[in-house]
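Biologist: I'm new to this one. Could you take me on a close look at the cavities, starting with the lining of the second largest?

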Amino acid sequence: MTDKEICYEIINNSDDLVYVTDIKTNKVIFANKRLLQVIGKSESEVFGKLCYQALQGKENPCEFCTNAVLSAEKFYEWEFFREDLQQYFILHDKKIIINGRECRVEIGSDITAQVQEKQDIKNKLNMERTLIQCIDTLNHENDVNKAINELLKIVGETYEGDRAYIFERCEADNTVSNTYEWCKKGIVPQLELLQKIPFSYFGMWIERFNNHKVRIIYSLKEELEHDSEEYKILGAQNINSLIAAPLFNNGQLIGFIGVDNPSVEYLHYGLLEQVTSFIVNDLQKRLLIEKLQILSYKDSLTGVCNRTSYIKYLDELKNKQYSSLGVVFLDINGLKKANDSKGHDYGDYIIMTISKLLQTTFGEKVFRIGGDEFVVLCEDIKKATFEEKERFLRAFALRNTEIKFSLGAVWTDQVVAVERLINSADRAMYEEKRSYYKKSLRCDSEL
């Protein structure tokens, strides 16, 4: 074998992709076995053919052709991505003279693995920076709801998704409701529509979530049964793919965070899994704040509004427009005597009975403003309805032998200061109380 033949065998069996073309005619003079294998063609389909047709599948010369920048002194190095092959190559091009003809030689190496590795590292670094940004957002924003919404924006944009959201689970009825969401511009919000959904609809989610795994759907149409509840719910929202991660608190599944139609490129970098513990912490913080708010505005014994809530509501009424206002001022008769003779548990029973009676009769705006005093405020109530409710209360007092109370009730459809109306009801209650003690206790011993 001659030296020339040896060189030919080395080049023809190299792992690099090598070809030679005539610069003037663009015809392929030579292509080694590796190149032919990669593009899936035979020698007869390539040799003697136009390079842009045989090697690139184009009808016209390649817009990225480097012939104009080639020299005989050194290689021209560049990177190229073959979309049809989904591969990256580093290419070395040079001008050479063969039998008096100017030719182009190109030597290419497949660097797809290296590029993907670099991209993976870049993506992981981006995810780490994003995670730090998410944590920083939750830690430095005092408003929990605002912090969670900002976090969803970061997550949604990072995944290049249409929508990012949080669903919370209600154990009482085993449903899930959408409580937070971020939507890309042009995407229709779904939060109001996705309330009280039976969690049983998401059987596959539950199984994966209970194993602390994420739920990834690459293609809704290909992976789900079209008559399943899951498909119906997701399909109605124009979801083609999604990723969702479970939220656990003390071992209990309390909900999940998800992204609709995310970029596939980012699906496996674990951002959702890493932010879940921080989200759970803020959700629990929100629940604690809500409980504290309830405690600050609710009477701990009865659950009706307390004096703090009463004062706040009076301030709100000063700036509100209403067609009518009814006020009931109620004071329990003989509560001190009941506490002294039968114990405070019995006294509490009386208070709770009255509270329930007022709530059942009038609804929410019932306030316990003292130990034995209650105020009821009724906006936009008709006079006949208000008077009917007043008669119901008085009938209860007449037929009940152990629970007695005095009340004053005032209704108006005129523009009157709220405090003035309450004072009128208070005076009416006081006069009724005086009359009660004169008849029942032979003077005002309890006043």
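Modeller: By class, ten nonpolar residues, one polar and two charged make up the lining of the second largest cavity. Bear in mind that this is a predicted model. That cavity has 13 lining residues, and the ones nearest its centre are Phe167, Leu194, Phe202, Leu234 and Gln237. Three elements each give two or more residues to this lining: strand β6 (163-170), helix α9 (229-235) and strand β11 (252-260). The largest share, three residues, comes from β6. As for volume, the second largest cavity comes to about 90 Å³.

How many cavities of 30 Å³ or more turn up in the whole structure? The search finds two, so let's set the other one beside it. The largest cavity has a volume of about 190 Å³. It is lined by 15 residues, and closest to its centre you'll find Leu17, Leu35, Gln56, Arg82 and Glu106. Sorted by class, the lining of this largest cavity holds eleven nonpolar, two polar and two charged residues.

If you want to trace the lining of the largest cavity along the chain, look at β1 (17-22), α2 (33-39), β3 (76-82), β4 (87-98) and β5 (101-110), each of which supplies at least two of its residues. Leu17, one of the residues closest to the centre of the largest cavity, falls in the range of β1 (17-22). Likewise, Leu35 is among those closest to that centre, and its number falls within α2 (33-39).

Definitions and conventions:
Residues numbered from 1 in each chain as written. Predicted model: local features only at pLDDT ≥ 70, side-chain atom pairs only at ≥ 80, totals over all residues. Heavy atoms only, no water. 1 Å grid on protein atoms, 1.4 Å probe; cavity = no way out; pocket = protein on both sides within 12 Å on 5 of 7 lines; lining within 4 Å. Points joined across faces, edges and corners; volume = space filled by probe spheres on them. Helix = DSSP H or I, 4+ residues; strand = E, 2+ residues; numbered from the N terminus. Nonpolar A, V, L, I, M, F, W, Y, C, P; charged D, E, K, R; others polar.
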